[in-house]
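Open the model in a viewer and keep a selection prompt at hand. The stops below follow one another, each with something to select and what is found there.

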Amino acid sequence: MRTFPHADAGRPPLSSPAVFLLWMWRKQAAISAGGMTWGVLWMASAAAMPLALGKAIDTGLAAHDPAALAFWVGLLAVSGVIQTATGTMRHRFAVSSWLSAAYRVEQLVVEHAARLGAVLPRRISTGEVVAVTASDMEHIGDAYEVSNRTAGAVLVFAGVAALMIVTTPVLGIVVVVGTPILMLIVGPMMRPLERRQAEQRKLFGETTTIASDTVTGLRILRGIGGEDLVVRNYKTASQKVRQAGVRVARVASMMEAAQILLPGLFAIMIAWLGARLALDRQISAGQLVSAYAYAAFLVLPLRTFAEMAEVLTKAVVAAKRIIAVLRLDRDIVSPADPLPMPDPATATLADALSGAEFKPGLRTAVVCERRADADALAERLARYVDADVRFGGVPLAELELAAVRAAILLADPHPHMFSGPLAEELDPTGQASRAAIEAAVGVADAEDVVEALPDGLDTEVIEQGRFFSGGQRQRLVLARSLVADPDVLILLEPTSAVDAHTESRIAGRLTAARAGRTTIVFSTSPLLAGAADEVVFLPDGGKTSATGNHHALLRQNSAYRAVVTRGTS
């Protein structure tokens, strides 16, 4: 029996929570159907006990018939054994339903996040994604787990009501009429509960984002003494979540109380009516015992109905948040009829907005007065935003996106490192040789980092490379970009976290390692600019104002000189 989905999750419909939840059920229909079958058998065996008990009294004890007594007592014992066995299988399928639904949600969200790539953090907070996979998936799983029991409750409740109508019509009518009334009493609580849960869920996502951002920037926060401010912000946000949770709990507690009180009162009423009928000799002693037993038994399906209503409310709220994530789409897509990719060895990369042109095979330094201008230009050149950028005279927007990604690599200015062997971290595709990885490490001047590790390149790196310093992590990520060896490599401040001596060595080695291929380095460092074949200067405004040799620009352009020398002579 499969307990979780594999890579066949597919693309779910996102029109509404109800349609999404129905699609989820269809994807695990076999498990859900099995769980419902065992749920029906489990409750049916429990429902048979009051009948067997009443018959044992009427046809066995009252009639002084040992054979009939033995038969019905034996049926009672068999029902108990069946209930034990079917209860075990029902629980097994219930857990399988929970796992299948919960992890299918997680799989959908994670796969969608991987497809979105760099678009995801621009469109939604990290905390919201974490909340979906940590909280919402559980609520979805709960809905499918309880649905197995609910199916059994519905069928068995209908069967017991029909049986009571046949044997004791008054009690049967009370059951048939009273149950919808109970549901109508509980129903009005659903709407405020859903509204308050949606509010709590939103605040929970925001608080998780604060926590995630704090962990990511903890080193910087400690450096500038910002821990107290972040702690105060987190306390404020967490108190809002707590208050929202209290508001949810008020309604939820009323529902919990209703789940116990209303079925209990209903059972008492049935028992009282049964006792009155027995006193009036309208029903037998066995039927009275059966009525008492059924009154106690009916509490179970009635509570299951109320539980399903509460769980389904939470699932609808969770489904809305999941759909919001899955509806996010890439801003950048491939054209329907892409043009042929130009030869990167002879193609000039030109940006119309800034007027900057990057000749093939050269190492060009881009000096921007504002970091925002550098980020914007880099994203346009790598086609992370749509703009009038041409590669060999062909608009980037008219080229196959996968081909653009293969030819032009923008090294992430905020590098991420995943857990696993360092060699796999530096070569995610697994296509580079060991020698190529070691050579890239040398160009990035990271030999000392690797040599200090207990197993060198085979050392296991923890998530985000937390035992590396900022400068070490930056050099390793630069090595990762060099291992990829793209036709056009775009680097955003690749040496901002290293000292001047290390930066000088990287500048010299980078020139040699990238000889014959286009390299664009965004930096205000005079060392990187001095090692470049050409420098493009963009003052405030993001328009190219000067192009030329670093030393010539230093002499001739005062604005350029002020940027690269930080205002010193």
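A salt bridge here is a side-chain nitrogen of Lys or Arg within 4 Å of a carboxyl oxygen of Asp or Glu. The model is predicted. With that cut-off, select Asp445 and Arg509: they form a salt bridge, and the closest N and O atoms are 3.0 Å apart. The pair links distant parts of the chain, since Asp445 sits in the loop between helix H15 (434–443) and helix H16 (447–451), and Arg509 in helix H18 (residues 500–513), 64 residues apart. Asp445 counts as buried at 7% relative accessibility, whereas Arg509 counts as partly exposed at 29%.

Add Glu447 and Arg505 to the selection. Together with Asp445 and Arg509, these residues are linked in a network of salt bridges.

**End of H18**

Next, select Arg514 and Asp485. Their side chains meet in a salt bridge, at 3.5 Å from N to O. Arg514 is in the loop between H18 and strand E10 (518–522), while Asp485 is in the loop between helix H17 (470–484) and strand E9 (488–492); the two are 29 residues apart, and the pair links distant parts of the chain. Which of these counts as buried at 4% relative accessibility? Arg514 does; Asp485 counts as partly exposed, at 38%.

**A loop-to-loop pair**

Now select Asp540 and Arg370, which form a salt bridge with the closest N and O atoms 3.6 Å apart. Asp540 lies in the loop between strand E11 (534–538) and strand E12 (546–548) and Arg370 in the loop between strand E3 (363–368) and helix H12 (371–381), so the pair ties together parts that are 170 residues apart in sequence. Asp540 is exposed, with a relative accessible area of 52%. Arg370 is partly exposed, at 35%. To put these pairs in context, a search of the whole structure finds 16 salt bridges.

**The largest nonpolar core**

Leave the charged pairs and select Phe20, Leu21, Met24, Val105, Val109, Ile140 and Ile322. These are the residues with the most contacts inside the largest nonpolar core, which has 31 residues. Helix H1 (17–27), H3, helix H5 (126–167) and helix H11 (299–326) each supply at least two residues of this core. Which helix gives the most to this core? H11 does, with nine residues.

Centre the view on Ile322. Neighbours within four places in sequence aside, Ile322 is in contact with Phe20, Val105, Val109, Val132, Asp136 and Ile140. Apart from the largest core lies another, of 30 residues, which includes Leu453, Val461, Ile506 and Ala507.

**H3 and its surroundings**

Return to H3, which covers residues 66–116, and select Tyr103 within this helix. Tyr103 is partly exposed, with a relative accessible area of 37%. Add Met137: from C-alpha to C-alpha, Tyr103 and Met137 are 7.1 Å apart in space, against 34 residues in sequence.

**H2 and its kink**

Select residues 29–62, helix H2. This helix has 34 residues and reaches 48 Å from its first C-alpha to its last, close to the 50 Å expected at 1.5 Å a residue. Where is the kink of about 30° in H2 centred? The centre is Ala56. Just after H2, step to His64, which takes a positive phi of about 55°.

**A four-stranded sheet**

Select strands E2, E1, E4 and E5. In that order they form an open sheet with antiparallel pairing. The edges are strand E2 (357–358) and strand E5 (394–395), each of which pairs on one side only. Between the edges, strand E1 (residues 349–351) and strand E4 (residues 389–391) pair in the antiparallel sense over three bridges. To check the register, pick Asp351: its bridge partner in E4 is Val389.

**Last stop: Met417**

Finish with Met417, in the loop between strand E6 (408–410) and strand E7 (420–421). Is Met417 buried or exposed? Met417 is buried, with a relative accessible area of 1%; the cut-off for buried is under 20%. Add Arg473 to the selection. The C-alpha atoms of Met417 and Arg473 are separated by 8.3 Å, although the residues are 56 apart along the chain.

Terms used
Residues are numbered from 1 along each chain as its sequence is written. This is a predicted model: local features need pLDDT of at least 70, side-chain atom pairs count only at pLDDT 80 or more; totals for chains, interfaces and linings use all residues. Side-chain values use heavy atoms; hydrogens and water are left out. Buried means under 20% relative accessible area, exposed over 50%, partly exposed in between (1.4 Å probe, protein chains only). The expected span of a helix is 1.5 Å times one less than its number of residues. The bend at a residue is the angle between axes fitted to the seven residues ending there and the seven starting there. A nonpolar core is a set of buried Ala, Val, Leu, Ile, Met, Phe, Trp, Tyr and Cys residues joined through side-chain atoms within 4.5 Å. Contact means heavy atoms within 4.5 Å. Two strands pair if DSSP finds at least two bridges between them.
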